[in-house]
Structures are given as C-alpha cells and as structure tokens.
Amino acid sequence: MKILIIEDVPEMLINMKNSLEREHYIVEAASDFETAGDKISIYDYDCILLDIGLPDGNGLELLKKLKSEGKNDGVIIVSAKDSLDDRLAGLDLGADDYLPKPFHMAELHARVKAVLRRRNFDGSTVVEIGNIIINPENRTVKIADEEITLNRKEYDILMYLTINKTRLVTKTALAEHVWGDHIDQTDSFDFIYSQIKNLRKKLKKSTINLEAVYGVGYKLDVG
Amino acid sequence: MRLLNYTSKYVAILLLPLITGWAILFYFAMLDEIYDSLDDGLENQKFLLVQRIDNDTTILKQNDSKFEKHTYNFTPISKSSYLGFKESYRDTLMYMLNEKDFEPVRVYESAIAYGDDHYKLKIITSMVEEDDLVEDMVLYLFCLYLLLVFSILFMNNLLLRKIWQPFYDLITQLRVFRIEDDASLCIPNSNIEEFNLLNTTVDKLIRKSTESYAAQKEFIENASHELQTPLAISINKLELFLESNDLRENQLEDLSTIMDSLGKLTRLNKSLLLLSKIENKQFGKEETIDLTKLTLDIAADFKDLAAHKKMKINVGSGAVLKHTINIDLAIILLTNLIKNALVHGKREEQVQIEIKTGSWEIRNFSLSQELDRSSLFTRFKRSSNHKNSTGLGLSISKAI
C-alpha cells in the first residue's frame, strides 16, 4: 500500500508518517504544492492525505489536477479549517473523505482503511482477526464460523479496535468515533465501559481480548 | 408621551389664559364702543326733539314719565335747576313687553330752555343685553379656542411629522439593527442641522462598532484555526508515545491527564469556531425539518450516557413540530440541549422533553439551585465545575 502525505507542517508530517509506517504502509511525503504536484503526476498512490492549506497553493487545486489526469488514487482531505464549504468542494471534486484537524491517529487509520477497503485495494472484502471474521459490507461478525449478533455500537467498537489492533485507542477517540462528535463534552467516558463489558461477553469464544489500559483507553489483544 | 403631543399640550394650555384675557379686554373695548355710539345717538335725538318743539309744542306737555308712548319726556324745572343741571347718561332697567322681563336701557338726562320755560329732558334707548352678550362671547370664543387647538394640533402633526421624519426613519432602523447581521444603516439626509449631526454620529458609531465586531470575530476565527495544527501535533505525538512505550501506571495517569486537557482545549476551540461560523452565517442550505423525529433520534443516541447516569429521557410529542433550519444546526442545537440536561442533571432522575405546536421544551432536575437567567447564555459562564464543560454550549444554542 502506498500512501502520500501532503502536509506543510513538519511535525504533523512526521507524526502521520511514523504512525502509518507502523501499519507497514509505504509512506511518501511532500511538504509543498510543487513537490506534491510532481509526485501525484509521476506516481500512483493508493491513498493520498491532502492538506488543503498549503502555504504556496490550495490543496484543492492538486485534487483537480489529480482528477483531470484521470487518476484514481483515494484522497482524504486533511484540513485545519473545518469549513463546510471546503468539505463540500473537496467531496464534489472527488475526495473520498474529509478529516478536520486535530484528529486522533486511530481515526486517521480508520479513515485510511475505509478508503482502501472501499476501493477494494485490499483485495478482500472481509477483515480477519484471530478467529473472528468481520464483513464490513453487511456488518456481520463470525467467531469460528458462528455468527454472533452485535448491536450497532458494539460492532463499531469492535471494528474500530480491529482496525487499530496494533495500537492503544484512547477513550476519547473511541467515544468520538462510535458515539459521534457531540459526545465529547460529557463529564466522563465511563459509559463506554458498559458497552465494552457487553462486547467482551459476546466475544468470550474468540481468541481476542479487549484489554483496558489504565485510565487511557483500550487495546485489542490477539491471543 | 410623544414629542408631538407634548408641544401640542403646552400650546393648548397656553392658549386658554391667552384667549380668556383677550376676551375680557375685547369685551370691555366693545362695550365702550357700544356705549359711545348709543350716547351719540341719544344726543342726536335731543337735537332732533329741540327742532320739533318749534313745530309742535305739545310734546313738552305729554307727561309720559313711564315712557309708555314715547321714548322721551319733558319735565319742567326751575331756572336755578336748569343752570345747575349736569347732563348725564346712566343705565337703568325697564319692563319690556316683548321680553316680558326687565331689560337694561340707557337713559340720557339733559336740560333745555324753551322761551322762559326750562325743562328736564329724558330720552331712553334700549341697550345691549350684557348677560346675553357675555354668553354669546363665551360661546364664540370657546369655539374659537377649540378651532385653534385643533388646527394647531393638526398643523403640528402634519408639520412635525414631516420635520421629524428622518429621526423616525433612523429610530426604526436602529430598532431592528443587529451587529451580527452585518447590515449597514441607510442614513437619510436631512436639511436640519441637528438631525444631520445625529445621523453622522450614529453612522460613525455603528461603523466603528461593526468594524471592531468584525475584527474580533476574525480574530477568534483565525486564532482557532491557528490552534488546530499545534493541537493536532501534540495529541498525535502523545498517542504515538503511548503506543510505543511500556509505561508505568503513574506515567499513564499523567499522560491521560495531559490528553484530557488537550481534548478539552480541542473542544473549546471547536466550539469557538462553531460559534463564529454560526455568527458568520456559514451554514447555508435550510430545509424543513421534522424536529419531533430528530429529537427522538438524538435522544436515542444519548441512551448510553443516560443509562450510565441511571437517567431516562422521556419525549412527549403530542404534535408534529416542523421548522425550516439548516440540518447541521438543528442537530447541534438539540444535541446541546439534551446533552446539557443529562450532564447537568441529577442522577436517577428523568429528563422530560415536551414537543408542542410551536414550542420545544426540555426539563431536568437540577443538582443545585435554579440557573441565573441573566447570564444563562453568556459565554464561559458555567454553573458548575464540570471539568469537561466548555461554557459555550448555551451560547451556541442561542446563536443558532
């Protein structure tokens, strides 16, 4: 999987690069409009993370250029400006997703995975982890060929933790992903725990374990 | 009281003594003139009578002291009386047949000599009835007063309304002026110096306020935008750090505190951006939304949180409530209100939502006392020390 990060802030770029490289993606980077323009015309990428607020040009122009050259790279717009206009313009121009800064790394991975999956670059339609098979298309989960019933939130939690199986997912990131942005002002994320508890019960027969990391979040432990 | 009526009131009050004084003066002047001409007439009659005596001396002997046949009478007097006689005019009362009442008459007394005889001559003439005159005058003057007051009122209304038109124009605009609307005033031109002064002053004031309002808005927006990237870097660095290290429990605790604070900063920043976006009207497309359905959907989203606090959200929807609004804003609004009711509500109590035609009401049981109504929608005004409260939720709701 080849991913191109177009981002002008060096620290931001390094963070994203490090995090994505841990997932064994091949990550390339461009930190200005021109380099980015050259790279997208010469090479093909499976997914491009595009910061539209570049100092020497608008990232949306790069998106236009990409589409005009008939390229089919997946594009996720990353922007410090969570503006409705940019979001609409970006999606209109053919971007796959729009991720406003600041975001959690877990969320970035989830979005990248979703784009790759949608474009079927993975080559398979199901996600396997331990003895669990998740089919994102019809949202079904099987443990050792036996289908189990999860409610919407349980499924979302499992999927999110699965995508981020190598990393620690913070409670905030999980809550925002599963319950939506609006949940983030509640006084604690303790209510997540009851869903996790139910999920654990349903996953008893599986070889994975939802491990709580003290005070911070959860981690998927593939046994 | 309106300025217009105010001046009219004073004019009316001032007119009353003015007209009364004028009436008294006019009455006496007129009476004086009437007496003068009556007296002249009586004197003229005396000369006419003296001429008649030459042709007809019988009139000297008619002895009609009650003036039943004529309006004159001769009475013989002694020479000494004649010499000492002083002409006089006086008023007296006489019974009038037509009026069947005593009416005032003017009596003229003089003395004449005819040959060696001397006579006292009395001539009478009917006089103006003063009580009637006063009555008439009062009536007419009262009518004049009313006429004057009404015409002044009318003129004032017409004139002042025209003169004050620019003022009312300005006030009408100021009344609906909202600095958030980014609309400028259409200041009318007037050829009255005071109004022009007022207009230019108001114009200047509003321009300045709008400018500083816009500058402040822009500042908040820019500051919020500029904060996003550093926040993202910090959060992501910490997340990477958490993943890559075998940390001790107390280290994890510290890191989670930092993460929480950064999370709070992010929320605060997002809320500020949202607020300026709403104020900048950056949410376009409005559509008719079924608020009842939306409420039920959002309430369902909060089921987990409610269950965690052992609370229950009851939605009582007796009516269909539809409203034309941007869907994102509607979601933010209802989410904010429902979330507030849960977060600030008492555990194990209920949150009641009532949807009626034209109203949407939410109620919860408070942890403390009633909220301060005056500062309810003020930014950063918090009723409690919730560590995750930004103090912007209700400001955002109000802006929407």
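These are my notebook entries on a predicted model with chains A and B.

**Entry 1. The sheet in chain A**

I began with the strand order in chain A. Five strands form an open sheet in the order 2-1-3-6-7, and their pairing is parallel. I then looked for the edges: strand 2 (26–30) and strand 7 (97–100) of chain A each pair on one side only. Between neighbouring strands of this sheet, I noted an average turn of 20 degrees, direction ignored.

I also looked up what packs on the sheet. Helix 3 (residues 59–68) of chain A does so, and it touches strand 1 (2–6), strand 3 (47–51) and strand 6 of chain A. The direction of helix 3 makes about 150 degrees with that of strand 3 of chain A.

For the pairing at one edge, I examined strand 6 (residues 74–79) and strand 7 of chain A, which run parallel and share four bridges. Within this pair, A:I76 has A:D97 of strand 7 as its bridge partner. As background, I recall that strands of a sheet pair through backbone hydrogen bonds, either parallel or antiparallel.

**Entry 2. A loop glycine of chain A**

I next looked at A:G70, which sits in the loop between helix 3 and strand 6 of chain A. Is A:G70 buried or exposed? Its relative accessibility is 62%, so A:G70 counts as exposed. I also took the C-alpha to C-alpha distance from A:G70 to A:A173, which is 35 Å, with their positions 103 residues apart in sequence.

**Entry 3. Helix 7 of chain A**

A:A173 led me to helix 7 (residues 171–179) of chain A. This helix is largely enclosed by the rest of the structure, because seven of its nine residues are buried. I listed the buried residues as A:T172, A:A173, A:L174, A:A175, A:E176, A:V178 and A:W179.

Which elements do these buried residues pack against? In chain A, I found helix 6 (152–163), strand 12 (169–170), helix 8 (191–202) and strand 14 (217–222). In chain B, the packing partners are helix 7 (291–301) and helix 8 (303–308). Just after helix 7 of chain A, I noted that A:G180 takes a positive phi of about 95 degrees.

**Entry 4. Chain B and the contact between the chains**

I turned to the layout of chain B, which is divided into domain 1 (3–152), domain 2 (179–282) and domain 3 (285–399). The centres of domain 1 and domain 3 of chain B, taken over C-alpha atoms, are 93 Å apart.

For the contact between the chains, I recorded 39 residues from chain A and 41 residues from chain B. The two chains bury about 3,800 Å² between them, and 56% of this area is on carbon and sulfur atoms.

One residue I checked was B:S256, in helix 6 (residues 249–279) of chain B. B:S256 counts as buried because its relative accessibility is 11%, and the cut-off for buried is under 20%. Apart from neighbours within four places in sequence, B:S256 is in contact with A:G215 and A:V216.

**Entry 5. Salt bridges**

I searched the whole structure and found 27 salt bridges over all chains. Between chain A and chain B, the count is five. One salt bridge joins the side chains of B:D304 and A:K153, at 3.2 Å from N to O. In general, side chains of opposite charge can pair when their charged atoms come close.

I then examined pairs within a chain. A:E107 and A:R111 form a salt bridge, with their closest N and O atoms 2.9 Å apart. These residues are four apart in helix 5 (residues 105–118) of chain A, so about one helical turn separates them. A:E107 has 12% relative accessibility and therefore counts as buried.

In chain B, the side chains of B:D203 and B:R207 meet in a salt bridge at 2.7 Å, N to O. About one helical turn lies between B:D203 and B:R207, because they are four residues apart in helix 5 (residues 193–244) of chain B. B:D203 counts as partly exposed, at 22% relative accessibility.

I also noted a salt bridge between the side chains of B:R363 and B:E361, at 3.3 Å, N to O. Both ends were checked: B:R363 is partly exposed at 46% relative accessibility, and B:E361 is partly exposed at 35%.

Lastly, I looked for salt bridges that share partners. Such bridges join A:R22, A:E23, A:K113, A:R167 and B:E243 into one network.

Methods
Residues numbered from 1 in each chain as written. Chains lettered and ligands numbered in written order. Predicted model: local features only at pLDDT ≥ 70, side-chain atom pairs only at ≥ 80, totals over all residues. Heavy atoms only, no water. Pairing = 2+ DSSP bridges. Helix = DSSP H or I, 4+ residues; strand = E, 2+ residues; numbered from the N terminus. Axes fitted to C-alpha atoms, helices over the stretch in contact; angles between N-to-C directions. Contact = heavy atoms within 4.5 Å. Domains from an automatic or database assignment. Buried < 20%, exposed > 50% of the residue type's maximum accessible area, 1.4 Å probe, protein only. Buried area = accessible area lost by both parts, 1.4 Å probe. Salt bridge = Lys/Arg side-chain N within 4 Å of Asp/Glu carboxyl O.
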